[in-house]
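Reader: I have the model open and would like a close look at one part of it before I go further. Could you walk me slowly through how its strands and helices are arranged, and then set it beside its surroundings?

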Amino acid sequence: MKPRKAVWRRRRQAKRWKLKSSGKTAIHVTLSLSDPVTSLKGIGKTAGEQLETLGIHTIEELVMMFPYRHEDFRLKDLSETPHGERLTIEGRVESIPSVLFTGSKRSRLQIQLLVGQHLVKAVFFNQHYLKDRLNPGQIVTITGKWDRGRQLINVSNFKDGPKIGQADFEPVYSLKGIVKQPTFRRWMRLALDEAAGEIPETLPQSILTAYKLPTLAETLEMVHFPDTPDDVKHARRRVVYEELLHFQLKMAALKKDRKEAGKGTPIPYDLEKLKLFIASLPFELTGAQKRVVNELCAELKSPLRMNRLLQGDVGSGKTVVAAIALYAAITAGFQGALMAPTEILAEQHAETLAGWLKPAGVTVAFLSGSTKGKARREIIERLEAGEIDLLIGTHALIQPDVNFHRLGLVITDEQHRFGVEQRRVLRDKGEHPDVLFMTATPIPRTLAITAFGEMDVSLLDEMPAGRKEIETHWLKEDSLAPVLRRMEKELQAGRQAYVICPLIEESDTLDVQNAVDVFGQLSAYFAGRFTVGLMHGRLHADEKEQVMRDFSEGRIDCLVSTTVVEVGVNVPNATFMLIYDATRFGLAQLHQLRGRVGRGADQSYCILLADPKTEEGKERMMTMSETNDGFLLAEKDLELRGSGDFFGKKQSGLPEFKMADLVHDFRALETARQDAERLLESDEFWNDGAYDGLRRTVEESGVLQSERID
């Protein structure tokens, strides 16, 4: 790090010596990072306007705009450079340039270049104007992609003469409009030279020392003007850790503040009754279910409000865990509420929970949009009078006239299907009830501690004994005939099938199967033998409910659908699923779709029809065929597609980082989380001036209800 400081010192001394030798008086005007960029000598009004187009108004915004990659211009040995890698070489032109025009604006210029002992071809696309600047015997420096087999370089950068005066590494920024890379780098150099001494350190020395991190001033110099690959690596380590630490401080503060500032109501449940209820269930709880039940029961008794996410793969037993928690609250004289996103899913929950809870003396009621007139009024009156222990339903639960007598526990199933406001309204129906969110979407731990960092997370990572694994097979699209024969065999045995398509109707731009056409084809294929139904997102809500009811009650044998059946449909008799154009879906989504079968005692099958064109596509299909572990698939999906695509960029709720990557920087994310929790509990964080920058991050985030947390 010292050489960097020496460079800055020499530059400032040279400026002072120049002023002294000219006889002028040195007047040093200190620039602040908050000053406009036009305060920098060399950046005038026009340049300032150009920087504004990039969202840069101050010196701080300029120096904190990081490059998204660095070009490596070090000279490399051709014999040691792998095929397909970018490289920079210096060589002598050995031939007269030849130019081939392939269109009005397309050209291909080629020369022979002697590089050491290697004679290689250098190809310039659409740069025919260089023909007069390239002559035999001339020394040139070029950068491009190395084609080892053809001994050819596709040139992207060209310099007349040897590599002298050119940096080994150059940052590449995400620019637009008329701002060019060399111009932007010149402005960056101006900013760092003038403001280097004014860059405050934002991390305490204890953290810098513990992780061997450079200071912020050193980091900015290394990231914008690196001398070696290690400079870039060290600078990135610093930026990544600080970004993740700032975020985890906010999340840890939010989590702690909500727990401690948010009032809760202790629920002193009857342990003996709860044990008897668990013993009455027609199956033994898994180890994971027992662990999660203990976590929930501990929070029910606590005076702090529960705010917990329960993750469990399809079939892992979330519903029975919910039933036990609800029963515990009911034994203490409280009411429970469970809200599901669709009427058919809510009905399934009501039927299942009533079967377990009614023998234990629990009064269960169901409320949905289709509950009308006298029946609805009666439920609302009995609920408010405390005669109903558990209310299960859809959005109908959050209507203004639905009031509870003593609501103690609120459970929301498939919580991501509800908006934040909808979940809040149900929560506010009681006096600070405990809140449990459930999801069957396996969320990688990387995203769970980030997207849901303000919640506690419980995980059901064990499947009940005796459950048969779904057989999954990846077949090419020309294998449809045998697949249909296999499906017909299942239907003849009295079972049912799903057929999933990526589109509703035919597309002019996408060559993939659509539900409407497939419905027509299968209706003709099975005519007179089996009933085929059609389900997609354009159907009215009532029509969707009717189709799903017909399928679940056996009036439809084969259901052709888009991904609207992805979540929450329980048809134990469905044993076969065919997914067209499977490469159109992510692994997590394919796993959710596959989870619609395999819910009964019979062996189930999932067929993936796909002709992937990329290695990634092939890897995804192979991974789906090899494992039924939703969390393993979710991690793989995150690795292959990134966090934005995992949730969908708009609804992900994930933070945007300048350098941090939630997948590849997972270790740093975990370290930052642990550090954030430790810091918030320490006195020095709140009192030591060295932590001012980090403390300001928490205080300015707005997550605190008071001046401090502890």
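Author: A good place to start is V499, which stands opposite L578 in strand β20. These two residues belong to a parallel pairing, in which β17 (residues 496-500) and β20 (residues 574-579) are joined over 5 bridges; strands are counted as paired if DSSP finds at least two bridges between them, and the elements themselves are DSSP runs numbered from the N terminus, helices being H or I of at least four residues and strands E of at least two. The model is predicted, so to speak of local features pLDDT must be at least 70, and side-chain atom pairs count only at pLDDT 80 or more, whereas totals for chains, interfaces and linings use all residues. Residues are numbered from 1 along each chain as its sequence is written, and side-chain values use heavy atoms, with hydrogens and water left out.

The pair β17 and β20 sits within an open sheet of 6 strands, ordered β16-β21-β20-β17-β19-β18, with parallel pairing. At its edges are β16 (471-475) and β18 (532-535), each of which pairs on one side only. From one strand to the next the twist averages 15 degrees, where axes are lines fitted to C-alpha atoms, for helices over the stretch in contact, and angles run from 0 to 180 degrees between N-to-C directions. Helix α18 (residues 587-594) packs on this sheet, touching β16, β17, β20 and β21 (605-609), and its direction makes about 150 degrees with that of β20; contact here means heavy atoms within 4.5 Å. Helix α19 (residues 615-626) also packs on the sheet, where it touches β16 and β21 and makes about 155 degrees with the direction of β16.

For the surroundings, turn to a second sheet, also open, in which 7 strands follow the order β11-β12-β10-β13-β14-β9-β15 with parallel pairing. Because β11 and β15 (456-460) each have a single partner strand, one side of each is left without a neighbour in the sheet. Ignoring direction, neighbouring strands are turned by 20 degrees against each other on average.

Within this sheet β10 (residues 335-339) pairs with β12 in the parallel sense over 4 bridges, and A337 stands opposite L391 of β12. L391 is likewise opposite A365, in keeping with the parallel pairing of β11 (residues 364-367) and β12 (residues 390-393) over 4 bridges. Between β11 and β12 the chain passes through helix α12 (residues 373-384), and this β-α-β crossover is right-handed, that is, clockwise from the first strand over the helix to the second when the strands point away from the viewer. Helix α12 lies across β10, β11 and β12, at about 135 degrees to β11.
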